[in-house]
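Open the model in your viewer and keep the sequence panel beside it. Each stop below gives a selection to make and says what is found there.

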Amino acid sequence: MGKTLRYINTAAKISLLFVVLVINSCNTLKRVSEDELLLKKNTIYADSAEVKSEDIESLIVQEPNTTILGYPLRLNLYNLAKKNPDSSYNAWLDRNEKRERKLINFLSKKQVDRLGESFLVSGLSEWLKKVGEAPSTLDTTKTKRTLERLSAYYGSKGYFNNNTSYDIDTIIKKRRASVSYKIDLGKPFMIDSVSRKIASNAIDSIYMLHKSEAFVQDGEQFDLSKFSSERERLSNIFRNSGIYNFQESSISYDIATDTTKLANDQKMNIELNIDNFKRRGDSAVTSSEYKVYKFDKINIYTDFLYDENDSEQKFIRYEDYTIYYRNKLRFKPKTLANAVFYEKDSIYKDIDRTRTYRQITNLGVFKYPTITSTPNDSSATLDANIYLAARPKYSLGTSFEVTRSNIQQFGLALSPSLQARNLFGGAENLNLSGRLSIGSSNDPSIIDNRFFNIQEFGADLTLDIPRIWLPFINTNKIIPSYTLPRTRISIGTSFQKNIGLDKQAFNTVLGYNWVPSDFIKHDVELLNIQFVRNVNPDRFFNVYGNSFSQLDDVADNFDSYNDTVLYPELTSYFETTEDSEDPSLRIPTGTTDFTEAILNRTVPSTTDEYQTVSRIEERRQRLTEDNLIFASNYTFNLNNREGITDNTFFQFRFKVESAGNALSLLSKVIPFNTNTDEDKLVFSVPFSQYIKTEFDYVKYWATSRTNVLAFRSFFGIAIPYGNSDNIPFVRSYFAGGANDIRAWSPYSLGPGRTDAINDFNEANLKISLNLEYRFPVIGNLKGALFADAGNIWNVFDNVEDPEATFTNLKSLEDIALGTGFGLRYDFTYFVLRADLGFKTYNPAEEISKRWFRDYNFANSVLQIGINYPF
């Protein structure tokens, strides 16, 4: 094995050396002629101070060639392409008169001609040109265009008298040039006064109520972007104050300088003009004064896509709404009314229209609605018409997956589903989904020799209600319908065969969520009940091989002639296999009897041997006992991202979960049965009791238009108490994996400074810090450099191993560090990711060997993932 690793390491070094030689062999100036200069750098100076604003730098017309960590990869790829591949191919044929004749005899004249058009000859060059980048040579025409754009930009900021120039710094021998753009700003123009001229009395009254919030104010420097922002602000105010037909084009500004003042005073007088509503007719343009409109009639058409000849529409009146339907009304009037935010005699608001769209769509039973408003100008009223087209009552779906994991080498999964919409007339949606998966595992503990030797199947039933459902409680005033409230009630089960201990899981959830704004989301799970039953606990030592190896190592100390004479029962604990003559403990009888013999002191042992066996037995009991988790939790999400292209934002998630408290209170009224450890039992299973909290923070910085620096921090802790002295495996933390500390495989890091002593290492305290720099490579291929730090520890539970326990701040020395690089390919709908992580600081090593001990390709970890890790 050691030789193999050395060979791999040597091969990796040779490959890396080859790549370096290829890169160094590329001539950056290969496509730059003698009379041209390769542009290397642009710099902007405003009043002699360097400008580093990305917005201003984007005005430069001609940019240098892109680089990856300072290396012009795309330029050198372009240079690798042959300039005229066809001519080069023909010249190669003509260089040897026998070469063409031999190729024709071997292939044919037609095939030889096609060879010149093939990918290897011309296609490769075309591809290199496409993914590469032509040299960016200095073009003074583009330089002057840049000056014009810079002058216009600073003019929009009030520097109307700015002067621009540029300097070119050249290195003739290296045929390279840098350009410095210089702007003398001069004195800015200031706003002296802002007056108004508004044609409509209604508009004037509304404007005066919001005048103090204006972006354009007396005494401020002129800034054209503020005028655009002010137009948007006013349009939004008017359209949310009853002016349903307001046109942003009605707003204009007159700008004048005061000629009575000194010439260098540079003061400006601004007049805001808001004209009347203009309507373009067939032959003329007419205008009318803007008015505040109120709603008169609100009509809801529930069968918009109907055949008028089929039957006449019926209608009912409910509160402020007239609901039209065909044949039979399938929806509760209250459900429809709660989804519409227009009210009779209320003024028109754009926000109400948007909320109506969102809530109707959120119901999940209609296609995207159509909303129109018909005005009655004489009375300044509106008739609102909301047209709805129902989705099918039932729909079937299915998905098929090919999977691979650390459990199965190859797997197939089928997931059929049935959805029933508007189940009880209140837009309740019921979804029944199933899952059947089969896979192939090379686990030696599985006796089944068939290729598909592991199975998992299950089903989930979910009822989705578009409101907060709490019996006898009206939550509309606390959580209004515009926050898109939802209730989810689900029940599910799953069964595993030949997977671990063959778990059977049952779960049920009663949860709520609502979205008060585009940036905030609340999730509450009032009930989250999970019951996990281990069908084959006797397979523990077959599945958890590390635990068995540790126990068997202790047992080897007793597998001798003297011990078997003194304790003849030891002989029955061991067996020999075909693969080895060295006796090992029988599973499960030998492991059970040996453990009892040590812990009961039937066979004397050293303190270390006793503690090792005790620790293994505690872990075995914890991982094989059935779990009942009766929990409630709350999650708060804050996200200020304004779109998928926004690369300057943050995300914050806080979660708190409490388990077992309701059952603990109930036990004071109803006496529960207990086990030998005095744990209270429900259905013969001790229920878990703990408090758990998590903090997750993500921050993005756009270092340029294409490069992003991303940071993530995570802290989580789960504290057992009352009926528990440990955390269930399904609620514990682990470290390592594609979205965590990527230099370690999942479950292989920690706890603390232990060296992955278990197969699945987990604990109840976790700290994680991740930093990643992302940059483009070629086209949709992106690159990344990353550093991941963190670890897991045991705290406030029944684990006493000091190497695995967080005791004080000194335990922070156990934080591991992994660094590496990765590639991502953007398929638009998802990102395929590959990361190679290197163990930079490994707390499991001796203190003097923790840094860079395994920092090589042989010990690196390749992680494959979908989408970005955070």
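Select F775 to begin; this residue is found in strand β31, where a strand is a DSSP run of E of at least two residues, a helix is a run of H or I of at least four, and both are numbered from the N terminus. The model is a predicted one, in which local features need pLDDT of at least 70, side-chain atom pairs count only at pLDDT 80 or more, and totals for chains, interfaces and linings use all residues. Residues are numbered from 1 along each chain as its sequence is written, and side-chain values use heavy atoms, with hydrogens and water left out.

Is F775 buried or exposed? F775 counts as buried because its relative accessibility is 9%; buried means under 20% relative accessible area, exposed over 50%, and partly exposed in between, with a 1.4 Å probe and protein chains only. Now show what touches F775. Leaving aside neighbours within four places in sequence, F775 is in contact with I68, T706, N707, K782, G783, A784 and L785, contact meaning heavy atoms within 4.5 Å. For L785, 10 residues along the chain from F775, the C-alpha atoms are separated by 8.8 Å.

Go next to G722, in the loop between β30 (708-720) and β31. G722 has 67% relative accessibility and therefore counts as exposed. Add S688 to the selection: the C-alpha atoms of G722 and S688 are 8.7 Å apart, with their positions 34 residues apart along the chain.

Strand β31 (765-778) also leads to the second largest pocket, since it is one of the elements that give two or more residues to the lining, along with β1 (38-46), β2 (49-51), α2 (54-57) and α3 (73-80). The second largest pocket has a volume of about 1000 Å³. Of the 37 residues that line it, E63, P64, N65, T66 and T67 are the closest to its centre. The largest share of this lining, 7 residues, comes from β1. By class, the lining of the second largest pocket divides into 16 nonpolar, 11 polar and 10 charged residues. Here Ala, Val, Leu, Ile, Met, Phe, Trp, Tyr, Cys and Pro count as nonpolar, Asp, Glu, Lys and Arg as charged, and the others, Gly among them, as polar.

Both open and closed spaces come from a 1 Å grid over the protein atoms alone: a cavity is a set of points where a 1.4 Å probe fits but cannot get out, and a pocket is an open set with protein on both sides within 12 Å along at least five of seven lines, while lining residues have an atom within 4 Å of a point. Grid points are joined across faces, edges and corners, and a volume is the space filled by probe spheres set on the points.

How many cavities of 30 Å³ or more does the structure hold? There is 1. The largest cavity has a volume of about 60 Å³. To see its lining, select K503, V532, R622, L623, N627, F729 and V730. That lining has 4 nonpolar, 1 polar and 2 charged residues.

Move to E428, in the loop between β16 (410-420) and β17 (429-440). With 3% relative accessibility, E428 counts as buried. Two polar contacts can be displayed here, a polar contact being a pair of N or O atoms within 3.5 Å, of which, within protein, one must be able to donate a hydrogen and the other to accept it, and residues adjacent in sequence count only if both atoms are side-chain atoms. The side chain of E428 reaches the backbone nitrogen of G426 at 2.8 Å. A polar atom of the E428 side chain also lies 3.2 Å from the backbone nitrogen of F424. Not counting residues up to four places away in sequence, E428 touches residues including K332, R421, D464 and R467.

Select I298, I300, Y342, F366 and I386 for the next stop. These residues have the most contacts inside the largest nonpolar core, which has 28 residues; a nonpolar core is a set of buried Ala, Val, Leu, Ile, Met, Phe, Trp, Tyr and Cys residues joined through side-chain atoms within 4.5 Å. At least two residues of this core are supplied by each of β10 (294-301), β12 (321-325), α11 (333-339), α12 (350-363) and β14 (381-387). Centre the view on I300: apart from residues up to four places away in sequence, I300 touches Y321, T322, I323, Y324, L336, V340, I386 and L388.

Another core, of 22 residues, lies apart from the largest one and has V216, I237, M268 and I270 among its members. Pick I270, in strand β7 (residues 267-274). I270 counts as buried, at 1% relative accessibility. Beyond its neighbours within four places in sequence, I270 is in contact with I191, S193, V194, S195, F227, Y253, D254 and I255. The C-alpha atoms of I270 and R196, 74 residues apart along the chain, are separated by 8.3 Å.

Finally, clear the selection and view the whole chain. Its secondary structure comes to 18 helices and 35 strands. Of the 870 residues in the chain, 40% are buried. Among contacts with a separation of 6 or more, 63% are between residues 24 or more positions apart.
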